[in-house]
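These are my notebook entries on a structure that I looked up for a reader new to it. The sequence and the model come before the entries.

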Amino acid sequence: MTFIIFVLACLQASPDQCSGERIPLPEVTTASGCHLVGNLRLQDWERDHAGMIIKEANCMARPVTVAGGQS
């Protein structure tokens, strides 16, 4: 199982205009790792999206899909 961070962010100039984004964490395989590594990735994301305000950010498990569509 790998993890992602789901970010809900809104424009600073128009706080009612929000969007969701998934930040993949392919090297993370535990919930605690998601929170530790995710925090660093979230800081990078904030720097790259200076006009946005993060309203919510959550670590989420994502099952690994194997060949044939099985997980």
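The entries below go from the overall fold to the sheet, the helix and the disulfides.

**Entry 1: the chain as a whole**

I noted at the outset that this is a predicted model. I then looked up the secondary structure and found 1 helix and 3 strands in the chain. Read along the sequence, these elements follow the pattern β-β-α-β.

I turned next to burial and found that 21% of the 71 residues count as buried. The chain exposes about 4800 Å², and carbon and sulfur atoms supply 54% of that area. For contacts with a separation of 6 or more, I recorded that 57% are accounted for by residues 24 or more positions apart.

**Entry 2: the sheet**

In what order do the strands of the sheet lie? I found an open sheet of 3 strands in the order 2-1-3, with antiparallel pairing. Strand 2 and strand 3 are the edge strands, each pairing on one side only. From one strand to the next, the twist averages 20°.

I also noted the general background: strands of a sheet pair through backbone hydrogen bonds, either parallel or antiparallel.

**Entry 3: strand 1 and its partners**

I examined strand 1, residues 2-11, for burial. Of its 10 residues, 7 are buried, so strand 1 is largely enclosed by the rest of the structure.

On the side of strand 2, residues 18-25, I found 8 bridges to strand 1, and the two strands run antiparallel. A hairpin of 6 residues joins strand 1 to strand 2. I looked up particular positions in this pairing: phenylalanine 6 stands opposite arginine 22 in strand 2, and leucine 8 has glycine 20 of strand 2 as its bridge partner.

Strand 3, residues 52-62, pairs with strand 1 over 10 bridges, again in the antiparallel sense. Here I noted valine 7, whose bridge partner in strand 3 is alanine 57.

**Entry 4: the helix on the sheet**

Which strands does helix 1 touch? I found that helix 1, residues 31-48, packs on the sheet and touches strand 1, strand 2 and strand 3. The direction of helix 1 makes about 125° with that of strand 2.

**Entry 5: the disulfides**

I recalled that a disulfide is a covalent bond between the sulfur atoms of two cysteines. The structure holds 2 disulfides. With bonded cysteines counted along the chain, the disulfides follow the pattern 1-2, 3-4.

One of them is formed by cysteine 10 and cysteine 18, with sulfur atoms 1.8 Å apart. I recorded 95° about the S-S bond for this link, which is right-handed. Is each of its cysteines buried or partly exposed? Cysteine 10 counts as buried because its relative accessibility is 1%, under the 20% cut-off. Cysteine 18, at 41% relative accessibility, counts as partly exposed.

Cysteine 34 and cysteine 59 form a disulfide with sulfur atoms 2.2 Å apart. The torsion about their S-S bond is about -105°, so this disulfide is left-handed. Cysteine 34 lies in helix 1 and cysteine 59 in strand 3, so the pair ties together parts that are 25 residues apart in sequence. I closed the entry with the accessibility of these two residues: cysteine 34 is buried, with a relative accessible area of 0%, whereas cysteine 59 counts as partly exposed at 27% relative accessibility.

Note on methods: Residues numbered from 1 in each chain as written. Predicted model: local features only at pLDDT ≥ 70, side-chain atom pairs only at ≥ 80, totals over all residues. Heavy atoms only, no water. Helix = DSSP H or I, 4+ residues; strand = E, 2+ residues; numbered from the N terminus. Buried < 20%, exposed > 50% of the residue type's maximum accessible area, 1.4 Å probe, protein only. Contact = heavy atoms within 4.5 Å. Areas by Shrake-Rupley, 256 points an atom, 1.4 Å probe, with all protein chains shown as cover. Pairing = 2+ DSSP bridges. Axes fitted to C-alpha atoms, helices over the stretch in contact; angles between N-to-C directions. Disulfide = S-S within 2.5 Å.
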